[in-house]
Amino acid sequence: MTQIAFVAYPGFTALDMIGPYEVLRNLPGAQVRFVWHESGPITADSGVLVIGATHSLAETPWPDVIVVPGGPSTPVHARDEVLLDWLRAAHQTASWTASVCSGSVILAAAGLLEGRRATSHWLAIPMLKGFGAIPVGDERVVRQDNVITSAGVSAGLDLAFWLAGEIGGEGRARAIQLAIEYDPQPPFDSGHLSKASPTTKAAATALLSKDSAKPANLKATTMIAWDQALSAVRSRRRKRQRDLAAISPKA
């Protein structure tokens, strides 16, 4: 049995979680859990779609696979110490710890990306550096050790197929791909910043800002930036003190 825990927090982006769920639930012996502080209904970022958290974090201490989706509320949950403590502990025994989109900001806040290459949604990539991660903006799926991160939203499907191949074997992953007919052939080619026009970038930013601009999300984003700036100042101060101590004449 492979226990797969999807972190179902309020304000998640639906495809970030449901896409990987449709892939990973088809693995042999897969036991899927949607976990949060307590079981019950969880509303996505649309404010309309609702899923059920099937188990609490406390009921799921040792998942084999952890998947953290993204969403405009990730800055809020990146400051949730109960969630961060659970991630730190569960990661110790998990075979794989993964994130989709801005879910990597939550992994970074838990200290799981420090010194590791990682990616995220293009809007969230700058936040990773402040947590000590090595941001990667030109790869759709990034793996380092047993931590896997993906770019925004739809990239979660690619991450899930990579995991499916590792856990169930390439043959099973190919069968799942055919079963859900994942054969993307989009009519447009503007799915990465390097391909999008300035007009498309502006329109996409405006589209995303309607949820990110909610007061709770703005406040959490500001506090994360403040904490990171304060940490950087303190780090420089400690380094300066060490340097001064090293050159001070010995008594």
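**Note on the predicted model: sheet, salt bridges and surface**

1. In β7, T97 is the bridge partner of I66. This is a predicted model, and I66 is a good place to enter it. On another strand, A5 stands opposite I66, which belongs to β6. The two contacts fit the pairing of whole strands. β6 pairs with β1 (residues 2-7) in the parallel sense, over three bridges. β6 also pairs with β7 (residues 96-99), again in the parallel sense, over four bridges.

2. Are the faces of β6 covered or open? Both faces of this strand (residues 65-68) are covered. V65 and V67 lie on one side, I66 and V68 on the other, and all are buried. In a regular strand the side chains alternate between the two faces of the sheet. β6 shows that pattern, with V65 and V67 on one side and I66 and V68 on the other. Buried here means under 20% relative accessible area.

3. Now the sheet as a whole. It is an open sheet of seven strands in the order β5-β2-β1-β6-β7-β11-β10, and the pairing is mixed. Strands β5 (55-56) and β10 (141-144) stand at the edges, each with a single partner strand, so one side of each has no neighbour in the sheet.

4. The β1 and β2 pairing deserves a look too. β1 pairs with β2 (residues 30-36) in the parallel sense over six bridges. Within this pairing, I4 stands opposite V32 in β2.

5. How many salt bridges does a search of the whole structure find? The search finds eight. Three of them are taken up in the points that follow.

6. Start with helix α3. R88 and D85 meet through their side chains in a salt bridge, at 2.6 Å from N to O. The two residues are three apart in helix α3 (residues 81-93), so about one helical turn separates them. R88 is partly exposed at 27% relative accessibility. D85 is also partly exposed, with a relative accessible area of 44%. The pair does not stand alone: E81, D85 and R88 are linked in a network of salt bridges.

7. A second salt bridge joins the side chains of D145 and R116, at 3.1 Å from N to O. D145 lies in the loop between β10 and β11, and R116 in the loop between α4 (103-109) and β8 (117-118), so the pair ties together parts that are 29 residues apart in sequence. The partners differ in cover. D145 is partly exposed at 45% relative accessibility, whereas R116 counts as buried at 17%.

8. A third salt bridge is formed by D189 with K195. Their closest N and O atoms are 3.2 Å apart. D189 is exposed, with a relative accessible area of 55%. K195 is partly exposed at 49%.

9. Two backbone angles should be checked by eye. Most residues other than glycine have a negative phi. V153 has a positive phi, near 45°, and is not a glycine. V153 sits in the loop between β11 (147-150) and α6 (155-168). Its relative accessible area is 25%, so V153 is partly exposed.

10. E181 is the other residue to note here. Its phi is positive, at about 50°, although E181 is not a glycine. The residue is placed in the loop between α7 (170-179) and α8 (198-212). E181 counts as exposed, at 66% relative accessibility.

11. On the surface, which residues gather in a patch of positive charge? They are R234, R236, R237, R238, R240 and R242. R242 is in helix α9 (residues 215-247). With a relative accessible area of 52%, R242 is exposed.

12. There is also a nonpolar surface patch. W122, L123, L193 and L208 make this patch, which covers about 300 Å². L208 is placed in helix α8. L208 is partly exposed, at a relative accessible area of 31%. Patch residues need over 30% relative accessible area, so L208 at 31% meets the cut-off.

Conventions:
Residues numbered from 1 in each chain as written. Predicted model: local features only at pLDDT ≥ 70, side-chain atom pairs only at ≥ 80, totals over all residues. Heavy atoms only, no water. Patch = residues over 30% accessible without salt bridge, like charges linked within 9 Å, V, L, I, M, F, W, Y side chains within 5 Å. Areas by Shrake-Rupley, 256 points an atom, 1.4 Å probe, with all protein chains shown as cover. Salt bridge = Lys/Arg side-chain N within 4 Å of Asp/Glu carboxyl O. Lys, Arg positive; Asp, Glu negative; His and termini not counted. Charge placed at Lys NZ, Arg CZ, Asp CG, Glu CD. Buried < 20%, exposed > 50% of the residue type's maximum accessible area, 1.4 Å probe, protein only. Pairing = 2+ DSSP bridges.
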